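Colleague: Could you take me through one part of this model in detail, namely the packing in its interior, and say how the terms are defined as you go?

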Amino acid sequence: MAANMYRVGDYVYFENSSSNPYLIRRIEELNKTANGNVEAKVVCLFRRRDISGNLNTLADSNAREFEEESKQPVLAEQQKHQLKHRELFLSRQFESLPATHIRGKCNVTLLNETDVLAGYLEKEDCFFYSLVFDPVQKTLLADQGEIRVGSKYQAEIPDKLAEGESDNRVHEKLETKVWDPNNQLKDPQIDQFLVVARAVGTFARALDCSSSIRQPSLHMSAAAASRDITLFHAMDTLQKNNYDLAKAMSTLVPQGGPVLCRDEMEEWSASEAMLFEEALEKYGKDFNDIRQDFLPWKSLASVVQFYYMWKTTDRYIQQKRLKAAEADSKLKQVYIPTYTKPNPNQIMVPGTKPGMNGAAGFQKGLSCESCHTAQSPQWYAWGPPNMQCRLCASCWIYWKKYGGLKTPTQLEGAARGGSESGPRGHMTRQEVQGMSPFTRNEGRAKLLAKNRQTFILQTTKLTRIARRVCEDILQPRRAARRPYASINANAVKAECMIRLPKATKTPLKSKVVPRQSLAAIVKDLAISAPLKLKASRGPPTPINRNQASQPRVGQSLLGKRGFDSASGVPYPANGRPYTSGMRTTSQSVIKRQKVSQGEAPNPVVFVATKDTRALRKHLTQSEMRRAARKPHLLVRIKLPPPPRSLAMPLLPSSTSEPIVLED
């Protein structure tokens, strides 16, 4: 019962997504809506996964400084990884969430020098924070409410003087004496002098024009003159005049007129006081933010002094009563039953209703992505659906509470939704190459910043076997159409080992295919397709206006070769003779979406001629479709034989003999 009772000030878990980790919030208010539901006004706390990489680097440097100053024990790499999951960042951001989304309580404390970081790993649902995150400005700042505990905040106590040893310190340099209780005046005399000082202060306010506007009545001026600033001035006057009443009286009323002493309550105007009350309602006792956002022309000391004087006024008492009445009308606590509905990411047992995220398509033989165990009472789908990764029950609870895995993995970054920018729907070519199961770990090249960087994927023996044994899981054709989608190599290999017979688990003898060197391949390409220098025929006629100013770029030796490099076939894929004027441009006629320079293809524009159109008529519909689907294959056209003409006798052009016609 007590575990499900949530009160104002509790740190709780909120669930906004079935697959994402819990949100950690602090309850500030519990309000009942018009339809009877309960909403919680909460303060947002952020994890490391919610901030950008630059701020994570800043947090790492702050953590290293803390470890050096507090002399923390050395932690293992796994403990350092898990300790990052326990660090939170406080913020000033508020939001309202339905109370039914609460999933439990947690404990969040401010980190100080006396804490041992390893102690947070030993306790469940324990977090710490030391920095404040601003979601708008995207900054990390040290918390101003730091608890001053530690060796650097302790006073240095000198050694005790021995008996008969004299104190050689100069007391005037150590402290300033402001009052001597062993003076020659009696208490009634001091009280009379204080009354005179108040009367002089009231008279001084009557002479001051600005004070008479602020305190138009006599009793308001007398009340202002009775404040501590007047009493402190009177006692300082007695101390400076060596407790001589006659000299002190003359000091209170010099020749120029009575001395006027005013504190912060009188120095501040009514509009400034209203700004202070508004800022205090928004920021609380965070005087730095109050001064920065509302009263930048005031000093920090002035703001602090005004606060403690403002607490003695009737205005503070009235606001305190109003807040107490509002607090009585609001909810103090709320009971939320334990959430028992099944998670959609559960991998169901055969015969039950399948879950979401592709849970029904998981294969046997997979292990937990975090602890690598193969046995668990319940499995949960984790990460991108096409990766088919899963977590055991304990690692799933750890993921939901702490926002990470127990051990660092390569897929944790892919499953994490970026807060710095929106989640990407695809990965870059270098990321796919790094996560592909068809590349060796030792052969992964460093990411280069060059455009059109050539890379070669070299497969292993097990990968070549898995392509054929686990073809239904790997789906090579679909993977070839979507090269940016990552493939779970562990799942494919695990299923391959299950499907392979026991006899084939011995090392297989594979035939080594001799591979030519790169220089030999380049030489063969140069011989088969030599570069032919063509005479310049002037600038080509542009197909559209935008191509008039585009220079023609020559193809490199290893670049894409045109159809004119083929030999032995009379016609290319589009059925047009090579001798006609084929124009290649660096810009497509159709206006398309802009892509990066490294990923942009080389567009080719074909201009059909009369001969090409005539040849197309000799292609059947199936041949046309085949040519459209596979434009890289050459098309062979069987031209019909020309029609035979009738043999006509050759007549002489002229003859002298008569023509005889027989009947």
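Modeller: What follows is a description of the nonpolar core, followed by a residue in one of the helices that supply it. This is a predicted model, in which local features need pLDDT of at least 70 and side-chain atom pairs count only at pLDDT 80 or more, while totals for chains, interfaces and linings use all residues. Residues are numbered from 1 along each chain as its sequence is written, and side-chain values use heavy atoms, with hydrogens and water left out.

The largest nonpolar core (a set of buried Ala, Val, Leu, Ile, Met, Phe, Trp, Tyr and Cys residues joined through side-chain atoms within 4.5 Å) has 16 residues, of which Ile 24, Leu 88, Cys 106, Val 108 and Phe 127 touch the most other members. At least two residues of this core come from each of β2 (11–14), β4 (38–46), β5 (87–98), β6 (102–110), β7 (126–134) and α15 (393–402), where helices (H or I, at least four residues) and strands (E, at least two) are DSSP runs numbered from the N terminus. Val 108, if residues up to four places away in sequence are not counted, touches Tyr 11, Ile 24, Leu 45, Leu 88, Phe 127 and Tyr 129, contact meaning heavy atoms within 4.5 Å.

Helix α15 also holds Lys 400, which counts as buried because its relative accessibility is 3%; buried means under 20% relative accessible area, exposed over 50% and partly exposed in between, with a 1.4 Å probe and protein chains only. Leaving aside neighbours within four places in sequence, Lys 400 is in contact with Glu 15, Ser 17, Ser 18, Ser 19, Asn 20, Pro 21, Tyr 22 and Arg 47.
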